[in-house]
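User: Please take a close look at the empty space inside this protein, in particular the largest cavity. What lines the largest cavity, and how do the lining residues divide by class?

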Amino acid sequence: MNKQASVEVLICGAGAAGLTLAIDLARRGVPLRLIDKLPAPFAGSRGKGVQPRTLEVFEDLGVIDRMAAAGGPYPPQRLHRADGTQVETQDIAVAPPTAEEPYRTPLMIPQFRTEAVLRERLAEFGQAVEYSRELAAFDQDAEGVTATVAGPDGIETIRCRYLVGGDGGRSFVRRVLGIGFPGQTLGVRAIVADIGLQGLSRDAWHRSGEGDMARQIGFCPLAGTDLFQLQAPIPLDGEVDLSASGLQALVDDRWPTGGLTVRSVAWASTYAMNARLADRYRVGRVVLMGDAAHIHPPTGGQGLNTSLQDAYNLGWKLAAVLAGAPDALLDTYEAERRPIAAGMLGLSIGLLDQARQGDIKRGREVHQLDLGYRSSSLAVPIDGTRPGDGVQPGDRAPDGRLRSAGGQSRRLFDLFAGPHWTLIARAIDPARLPAPRPGLRLRRIGADGEFHDPDDVLGATYGLADGELMLIRPDGYVGAMVAAADMARLENYLSGAGLASPWKRDAWAA
């Protein structure tokens, strides 16, 4: 029997990106469905590195503490040599938090635990992943998309206003749209497996054979579990035995001092490394994100993070357009995120080349804190006189400490948190401010404001002077900086983002 259903957004693919988008839409009250062709949640550790910028996203989504409890810090690397000697290094940048950057060190959490936390958060909004449901066909018209979904109960026809393809590197959605996926196969094939292992301590990421692709092997203790993640390059061709005995043979062949025992295999996979970027991220009412739009080698831990931030960029824009914002707002998703993915491909390939030579170093460049959208049409500066080395529209909005009128310390991230825009007004007459409206939180900073800035955080960090306003986007980037005398330009910006005032200022004031 062919069932009929309708929804605002249908998300195909329930990985980290699909779950993030579903959470972001659900907290905005957007009706959605999230489907996945897998019969059950993904069970592997694959994307285990969560970068600092993604941790900021997790804070906004209300899951940062759960993620930290489910994972842990990266251990130091311990290189084991054939003569039995060992060398310990820290190849991942570790730095203490600052007021502006509360997260400066990556978190290790197996991907299956990341996704479990996100599913739990999604359930708090009354939503759940629908497994064993595969997108079989779709077509679109000016008003929406008609999708055919095959599931345990037969065929279902779902009418949605937008379809989002987060269905992986072999994306069915991308293929149906006919979007090219150019790039390169990198000539590296590898195995990744989550195993029970005896013979190594859990205080280090143990490695051997660095610089020799035929001998290289590593065992990383997976935080929050009693498993190790085994990683090793393998020949480009041929079958690979992923059983405990098969992996034991691989370990015996490569580990220089022997003495290791593979007790069990929780999950294992082989893959060929590719670097590819979709020609387009959107065709009409169908949008790509995550691995469906870009795939990276795992070096640098960029893939899951870039995918998740695709979703975080897309969610608020999609919700705004559904609520009546101009369609052009949705065009900024590709304009902003595709260049980021292109840069991440180059970074990951460079780190892969280092790994081949046995000398990989991962610093601040993988943290994604310095990525931004200065060239976006959504980045509107005050004028041409702002210092080039300061925070600019399009940049990530740094954290900082203010003091409330009641005397309590308040973080800027607390003011930004939630599915809304934030307008910071510094020492401006309330009568000159924009009228209140849904989706916009106005925060007055100054002697008579609800918040005070005794340490001049807004001046020192943002370069924001008295008489100026700063608009922070729902995804935590600076949208606009304008002077109080240029309120018309701010109103035009807000209208373009779907935040036109429902009434005039004089009517509100009356």
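Analyst: For sorting a lining by class, Ala, Val, Leu, Ile, Met, Phe, Trp, Tyr, Cys and Pro count as nonpolar, Asp, Glu, Lys and Arg count as charged, and the others, Gly among them, count as polar. The structure shown is a predicted model.

Rolling a probe the size of a water molecule over the atoms shows where empty space is left. The count here comes to 3 cavities of 30 Å³ or more. The largest cavity has a volume of about 60 Å³. Its lining is made up of K3, R133, V149, A150, G151, P152, D153, G154 and E156.

Two strands, β10 (145–151) and β11 (154–165), each supply at least two residues of this lining. Of the elements involved, β10 gives the most, with 3 residues. Sorted by class, the lining of the largest cavity holds 4 charged, 3 nonpolar and 2 polar residues.

A pocket can be set beside this cavity. The second largest pocket has a volume of about 360 Å³. It is lined by 21 residues, and those closest to its centre are R28, A319, A320, A323 and L499. Helix α7 (residues 303–322) gives the most to the lining of this pocket, with 4 residues. By class, the pocket lining has 14 nonpolar, 4 polar and 3 charged residues.

To return to the part you asked about, the lining of the largest cavity includes the charged residues K3, R133, D153 and E156, while G151 and G154 in that lining count as polar.

Conventions: Residues are numbered from 1 along each chain as its sequence is written. This is a predicted model: local features need pLDDT of at least 70, side-chain atom pairs count only at pLDDT 80 or more; totals for chains, interfaces and linings use all residues. Side-chain values use heavy atoms; hydrogens and water are left out. On a 1 Å grid over the protein atoms alone, a cavity is a set of points where a 1.4 Å probe fits but cannot get out, and a pocket is an open set with protein on both sides within 12 Å along at least five of seven lines; lining residues have an atom within 4 Å of a point. Grid points are joined across faces, edges and corners, and a volume is the space filled by probe spheres set on the points.
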